[in-house]
Amino acid sequence: AAGRLPSLLCQFLRRQQVLQLYRKILRAIREVPAEQDRRYLKDWAREEFKRNKDATEEDAIRMMITQGNMQLQELQRTLKLAKS
């Protein structure tokens, strides 16, 4: 049982990272001015996370988190440009 603890802890922390990313993405989407675009992006984000919710491969999950963060940054940059 002691050998399982680090892996369970890693899973827990990874899950927290994923949820945090999801919340950040949804928060950023709220800033999108057009309601139709907001709805589209929210559906897209929900589907992406749902589609990958059963992923267990550590490297794949890390890569998806990295991609998600890059997409979030891109969205934030686009929103910033639209406001300026």
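**Exercise 1. Find which residues Ile65 touches, leaving out residues up to four places away in sequence, and state whether Ile65 is buried or exposed.**

Solution. Begin with the contacts: not counting residues up to four places away in sequence, Ile65 touches Arg14, Gln17, Val18 and Leu21, where contact means heavy atoms within 4.5 Å. The model behind these values is predicted, so local features need pLDDT of at least 70 and side-chain atom pairs count only at pLDDT 80 or more, while totals for chains, interfaces and linings use all residues. Residues are numbered from 1 along each chain as its sequence is written, and side-chain values use heavy atoms, with hydrogens and water left out.

Next, place the residue: Ile65 is in helix α3, helices being DSSP runs (H or I, at least four residues; strands are E, at least two) numbered from the N terminus. Then turn to accessibility: Ile65 counts as buried because its relative accessibility is 9%, given that buried means under 20% relative accessible area, exposed over 50%, and partly exposed in between (1.4 Å probe, protein chains only). Finally, Ile65 and Tyr22 stand 43 residues apart in sequence, yet their C-alpha atoms are 9.7 Å apart in space.

**Exercise 2. Work out which residues make up the largest nonpolar core and which element gives the most to this core.**

Solution. First recall that a nonpolar core is a set of buried Ala, Val, Leu, Ile, Met, Phe, Trp, Tyr and Cys residues joined through side-chain atoms within 4.5 Å. The largest such core has nine residues in all, namely Leu21, Ile25, Ala28, Ile29, Val32, Ala45, Leu72, Leu75 and Leu79. Two or more residues of this core come from each of α1 and α3, and α1 gives the most, with four residues. To see one member in its surroundings, take Ala28, which touches Leu72, Leu75, Gln76 and Leu79 when residues up to four places away in sequence are not counted.

**Exercise 3. Describe the largest pocket: how much space lies in it, and which helices each supply at least two residues of its lining?**

Solution. Start with the volume, which is about 700 Å³; a volume is the space filled by probe spheres set on grid points, which are joined across faces, edges and corners. On a 1 Å grid over the protein atoms alone, a pocket is an open set of points where a 1.4 Å probe fits, with protein on both sides within 12 Å along at least five of seven lines, and lining residues have an atom within 4 Å of a point. Of the 23 lining residues, Val18, Phe49, Asn52, Lys53 and Ile61 are the closest to the centre of the pocket.

Now look at the helices: α1 (4-29), α2 (35-51) and α3 (58-83) each supply at least two residues of the lining, and the largest share, eight residues, comes from α1. By character, the lining divides into twelve nonpolar, six polar and five charged residues, where Ala, Val, Leu, Ile, Met, Phe, Trp, Tyr, Cys and Pro count as nonpolar, Asp, Glu, Lys and Arg as charged, and the others, Gly among them, as polar.

**Exercise 4. For Glu48 and Arg39, state the helix and the accessibility class.**

Solution. Glu48 lies in helix α2, and a relative accessible area of 28% makes Glu48 partly exposed. Arg39 also lies in helix α2, and with 47% relative accessibility Arg39 counts as partly exposed.
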